[in-house]
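Hi,

Here is the structure I promised to pass on to you. Please have it open while you read, and I will walk you through what turned up.

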Amino acid sequence: MNKILQSIVVVLLFAGCKLGDDNLPDKTQEGKKTFGCYVNGEKFHPNYRSASDGLNYYGDKGLSIMVWQYKKSFASDVYLKITIDGYPIEEGKTYRLGAFSDSLGAYGEFSYYEWQTGSDGIRFGNPIVYRTSEQYFGELTISKHDPELRIVSGVFWFDVWTEERAVVKIRDGRFDMQYNMK
């Protein structure tokens with residue numbers, strides 16, 4: 001009886017798990033060009049990035065990461081952006097992702113397009129953009145910055161408040177990227 005019960009528990013555990021595609025990339029620090037997180041519990045792992053591979057590094061003036069992935073739940077590409085503006089990037093440092101309006105600021109951004117069809121039949125998108133604030137904020141920790149190999153790795157999380165009076169939670173974020181100097 002005990003072996004039957006153990007077998008049922010094992011089957012139930014594996015039946016409830018999705019293998020493979022639901023996993024985020026490992027937290028590496030080798031410049032493996034990875035990025036992943038969860039957006040309201042849904043995996044966000046971009047399958048394409050911008051021409052600069054999503055990471056722009058500006059030396060003592062900061063960095064910007066922008067990636068996107070098509071999401072059925074939004075019927076649009078969903079964009080995530082993390083910016084550190086005016087600060088040098090320091091390994092081991094945690095940056096507060098707060099209000100966008102700070103002149104020297106670090107912030108997170110979540111956006112997508114709301115698609116409409118005009119009277120002429122042409123389809124167009126209105127960008128819907130939400131940013132971190134003093135009340136809805138997050139953190140970015142740089143776990144590795146190697147200027148010689150041009151690698152930046154880190155972990156992050158942040159929240160944004162939407163017009164629909166809902167919080168979008170970005171969690172378990174991690175990236176391991178290489179950069180070109182801007």
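Below are my notes, going from the overall fold to the sheet, the core and the charged pairs.

Please keep in mind that this is a predicted model.

The overall picture

The chain has 182 residues, and 39% of them count as buried. Its secondary structure amounts to one helix and 12 strands. Following the sequence, you meet the helix and then the strands, in the pattern α-β-β-β-β-β-β-β-β-β-β-β-β. If you look at contacts between residues at least 6 apart in sequence, 53% of them join residues at least 24 apart. As for the surface, the chain exposes about 10,800 Å², with carbon and sulfur atoms supplying 52% of that area.

The six-stranded sheet

One part to look at is an open sheet of six strands, which run in the order β2-β1-β12-β11-β10-β7 with antiparallel pairing. Its edges are β2 (42-44) and β7 (94-97), each of which pairs on one side only. From one strand to the next, the twist averages 15°. Strands of a sheet pair through backbone hydrogen bonds, either parallel or antiparallel. At the β2 edge, strand β1 (residues 34-39) pairs with β2 in the antiparallel sense over three bridges. To find this spot on your screen, go to Y38, whose bridge partner in β2 is K43.

The nonpolar core

Which residues have the most contacts inside the largest nonpolar core? They are F35, L80, F110, F156 and F175, in a core of 32 residues. This fits a general tendency: in soluble globular proteins, nonpolar side chains tend to be buried together. F156 is a good residue to click on. Leaving out residues up to four places away in sequence, F156 touches F35 and F175, and its other contacts include I82, L140 and I170. The contacts of F156 also take in charged residues, among them E139, R171, D172 and R174.

The salt bridges

Side chains of opposite charge can pair when their charged atoms come close. The count here comes to five salt bridges, and three of them are described below.

- R171 with D159: the closest N and O atoms are 2.7 Å apart. Because R171 lies in strand β12 (residues 167-178) and D159 in strand β11 (residues 151-161), the pair ties together parts that are 12 residues apart in sequence. R171 is partly exposed at 26% relative accessibility, while D159 is buried at 11%.

- R131 with E109: here too the closest N and O atoms are 2.7 Å apart. This pair links distant parts of the chain, with R131 in strand β9 (residues 123-131) and E109 in strand β8 (residues 106-117), 22 residues apart. R131 counts as partly exposed, at 33% relative accessibility, whereas E109 counts as buried, at 10%.

- K32 with E30: the closest N and O atoms are 3.4 Å apart. Are these two residues buried or exposed? K32 has a relative accessible area of 48%, so K32 is partly exposed. E30 reaches 52%, so E30 counts as exposed; the cut-off for exposed is over 50%.

If you would like one place to begin, try R171: this residue forms the salt bridge with D159 and is also touched by F156.

Happy browsing, and write back with any questions!

Best wishes

Note on methods: Residues are numbered from 1 along each chain as its sequence is written. This is a predicted model: local features need pLDDT of at least 70, side-chain atom pairs count only at pLDDT 80 or more; totals for chains, interfaces and linings use all residues. Side-chain values use heavy atoms; hydrogens and water are left out. A nonpolar core is a set of buried Ala, Val, Leu, Ile, Met, Phe, Trp, Tyr and Cys residues joined through side-chain atoms within 4.5 Å. Buried means under 20% relative accessible area, exposed over 50%, partly exposed in between (1.4 Å probe, protein chains only). Contact means heavy atoms within 4.5 Å. A salt bridge is a side-chain nitrogen of Lys or Arg within 4 Å of a carboxyl oxygen of Asp or Glu. Helices (H or I, at least four residues) and strands (E, at least two) are DSSP runs, numbered from the N terminus. Two strands pair if DSSP finds at least two bridges between them. Axes are lines fitted to C-alpha atoms, for helices over the stretch in contact, and angles run from 0 to 180 degrees between N-to-C directions. Accessible areas come from the Shrake-Rupley method with a 1.4 Å probe; for residues, only the protein chains shown count as cover.
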